[in-house]
Amino acid sequence: MGAWGISHLGLWTPDPASLRRFYAELLAADPVHGEHEPLRVGATVLAFHQAHDGAPDQEVGFDLDGAGFEAVGRIRRLGLLERGPLENPQGRGVSLRDPDGRRIEIEYRD
């Protein structure tokens, strides 16, 4: 699988706007246009999600090349596919959970 690296970290919180302000000020992060009011910190994007039920969650997103994304069939065979494949103007993606319950997004941006 041709993984390029971590594309984003998803942070669930009861107050996404407050957490976003914290990271923006702490890291002098650049705002990015997109869902969940993301910030760019170097090559990584932080996305801020509204926590439902009070339990914070975590998400790690990985960028893959086209050949790597085609290997997503392995996720299906292992019974790990939670959502997807999804297509949007930026590319394609799937989501699954690791053994500890963290959400993993695997994305290919055309």
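1. In this predicted model, the charged side chains that deserve attention at the outset are E59, E82, R97 and R103, which are linked in a network of salt bridges. The count of salt bridges comes to three, and the points that follow take these contacts one after another before turning to the aromatic rings, the backbone and the surface.

2. One contact in the network joins the side chains of E59 and R103, with an N to O distance of 3.0 Å. The two residues belong to distant parts of the chain, since E59 sits in strand β5 and R103 in strand β8 (residues 103-108), with their positions 44 residues apart in the numbering. Both partners, E59 and R103, are buried, and for R103 the relative accessible area is 14%, which places this arginine under the 20% limit for a buried residue.

3. R103 also meets the side chain of E82 in a salt bridge, here at 3.3 Å from N to O. Because R103 lies in strand β8 and E82 in strand β6, this contact ties together parts of the chain that are 21 residues apart in sequence. R103 therefore has a salt bridge to E59 as well as one to E82, a pairing that a reader can follow directly in the structure.

4. The side chains of E82 and R97 form a further salt bridge, with 2.9 Å from N to O. E82 is in strand β6 and R97 in strand β7 (residues 91-97), so this pair connects parts that are 15 residues apart in sequence. Unlike the buried E59 and R103, E82 counts as partly exposed because its relative accessibility is 38%, and R97, at 28% relative accessibility, likewise counts as partly exposed.

5. Turning to the aromatic side chains, the count comes to two aromatic pairs. In one of them F22 and Y23 are arranged edge-to-face, with 5.1 Å from centre to centre and 85 degrees between the planes. F22 is partly exposed because its relative accessibility is 46%, and Y23 is also partly exposed, with a relative accessible area of 22%.

6. Y23 pairs with F48 as well, and this arrangement is tilted, with the centres 6.1 Å apart and an angle of 35 degrees between the planes. This pair links distant parts of the chain, as Y23 is in helix α1 while F48 is in strand β4 (residues 44-50), 25 residues apart. F48 counts as buried because its relative accessibility is 4%. Taken together, the ring pairs link F22, Y23 and F48 into a cluster.

7. Some backbone features merit a check by eye, among them the cis peptide bond that joins G84 and P85, for which omega is about 0 degrees. P85 is placed in strand β6 (residues 81-88), and E82, a member of the salt-bridge network, lies in strand β6 too.

8. A28 has a positive phi of about 50 degrees although this residue is not a glycine. The position of A28 is in the loop between α1 (16-27) and β2 (30-31), and the residue counts as exposed because its relative accessible area is 63%.

9. E37 likewise shows a positive phi, here of about 45 degrees, without being a glycine. The residue is found in the loop between β2 and β3 (39-41), and with a relative accessibility of 51% E37 counts as exposed, since the limit for that class is over 50%.

10. On the surface, I6, L9 and F62 make a nonpolar patch of about 210 Å². F62 lies in strand β5 (residues 58-64), the strand that also holds E59. F62 counts as partly exposed because its relative accessibility is 30%, whereas E59 is buried.

How values were computed
Residues numbered from 1 in each chain as written. Predicted model: local features only at pLDDT ≥ 70, side-chain atom pairs only at ≥ 80, totals over all residues. Heavy atoms only, no water. Patch = residues over 30% accessible without salt bridge, like charges linked within 9 Å, V, L, I, M, F, W, Y side chains within 5 Å. Areas by Shrake-Rupley, 256 points an atom, 1.4 Å probe, with all protein chains shown as cover. Salt bridge = Lys/Arg side-chain N within 4 Å of Asp/Glu carboxyl O. Helix = DSSP H or I, 4+ residues; strand = E, 2+ residues; numbered from the N terminus. Buried < 20%, exposed > 50% of the residue type's maximum accessible area, 1.4 Å probe, protein only. Phe/Tyr/Trp six-rings, centres within 6.5 Å; stacked < 30°, edge-to-face > 60°.
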